[in-house]
Amino acid sequence: MARVLLALALAVGLVSCNDNLVKSEFQATKGGVWNKTDSIQFSFSEIDTMQRHNMFITVRNDATFPYNNLFLITELEFPSGETVKDTLEYEMALPDGSWLGKGYGSIKENKLWYKENIVFPSSGVYNLRVWHAMRKNGSVNGIEDLKGITDVGFEIEKSNE
């Protein structure tokens, strides 16, 4: 019986592995609250400069997240000092209020497209910074403390194209 359980656990582990995964990292927010001035920062290097990659921003939220969408601002800084800044919008819930993403219980994880088929042209350190850019309709000032975002991360995978 123990051998069967071990074989089953090994099979599940092999199936769940992602051979295309190059980098993955997460950072927790402070108590599930993301202040608008707090950027989440990641640094990475040793990326294949010939391979095309897909980049994702991964966001974990709980049931206290009060919105059905999420606006983010990102800055990707290349080793040359060049910076690419993007404003992004992602849907986090369906119109009926049910959460998108994967996970059981109160935490859902959303793997959100960021850059498709990107080539990292040179060796060196790349820096990624992410801020939330949430605002209430009709309000000029952003939401100071965004509740319900527990973790923010990024993933880089080899592109199959």
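Start in this predicted model by selecting Glu-75 and Arg-129: Arg-129, in β8, is the bridge partner of Glu-75.

Now widen the selection to the two strands around this pair. Strand β5 covers residues 69-77 and strand β8 covers residues 126-132; they pair in the antiparallel sense over six bridges. Another bridge to pick out joins Ile-73 to Trp-131 in β8.

Keep β5 selected and add β6. These two strands are also antiparallel, and nine bridges link them. One of the bridge pairs to show is Glu-77 with Thr-83, the latter in β6. Follow the chain from β5 to β6 and you pass through a hairpin with five residues between the strands. In that turn, select Gly-81, which has a positive phi of about 100°.

Next, add β3 to the view. Which order do the four strands of this open sheet take? The order is β3-β8-β5-β6, and the pairing is antiparallel. Colour β3 (40-44) and β6 (83-91) to mark the edges: each has a single partner strand, so one side of each is left without a neighbour in the sheet. Turn the view to look across the strands; the twist averages 20° from one strand to the next.

Switch to side chains for the next stop. The largest nonpolar core has 30 residues, and those touching the most other members are Phe-44, Met-55 and Leu-128. Two or more residues come from each of β3, β4 (52-61), β5, β6, β7 (108-119), β8 and β10. Which element gives the most to this core? That is β10, with four residues. As a general point, nonpolar side chains tend to be buried together in soluble globular proteins.

Centre on Met-55 and show what surrounds it. Beyond residues up to four places away in sequence, Met-55 touches, among others, Phe-44, Leu-76, Leu-112, Trp-113, Leu-128, Phe-154 and Ile-156. Lys-115 and Glu-155 are also among the residues that Met-55 touches.

The last stop is Thr-150, in strand β10 (residues 149-158). Is Thr-150 buried or exposed? Its relative accessibility is 15%, and buried means under 20%, so Thr-150 counts as buried. Show the side chain of Asp-151 as well: a polar contact of 3.0 Å joins it to the side chain of Thr-150. Then select the residues in contact with Thr-150 that are not within four places in sequence: Gln-27, Ala-28, Thr-29, Gly-32, Arg-60, Asn-61, Asp-62 and Ile-107.

Methods:
Residues numbered from 1 in each chain as written. Predicted model: local features only at pLDDT ≥ 70, side-chain atom pairs only at ≥ 80, totals over all residues. Heavy atoms only, no water. Pairing = 2+ DSSP bridges. Axes fitted to C-alpha atoms, helices over the stretch in contact; angles between N-to-C directions. Buried < 20%, exposed > 50% of the residue type's maximum accessible area, 1.4 Å probe, protein only. Polar contact = N/O pair within 3.5 Å; in protein donor to acceptor, adjacent residues only side chain to side chain. Contact = heavy atoms within 4.5 Å. Core = buried A, V, L, I, M, F, W, Y, C linked by side-chain atoms within 4.5 Å.
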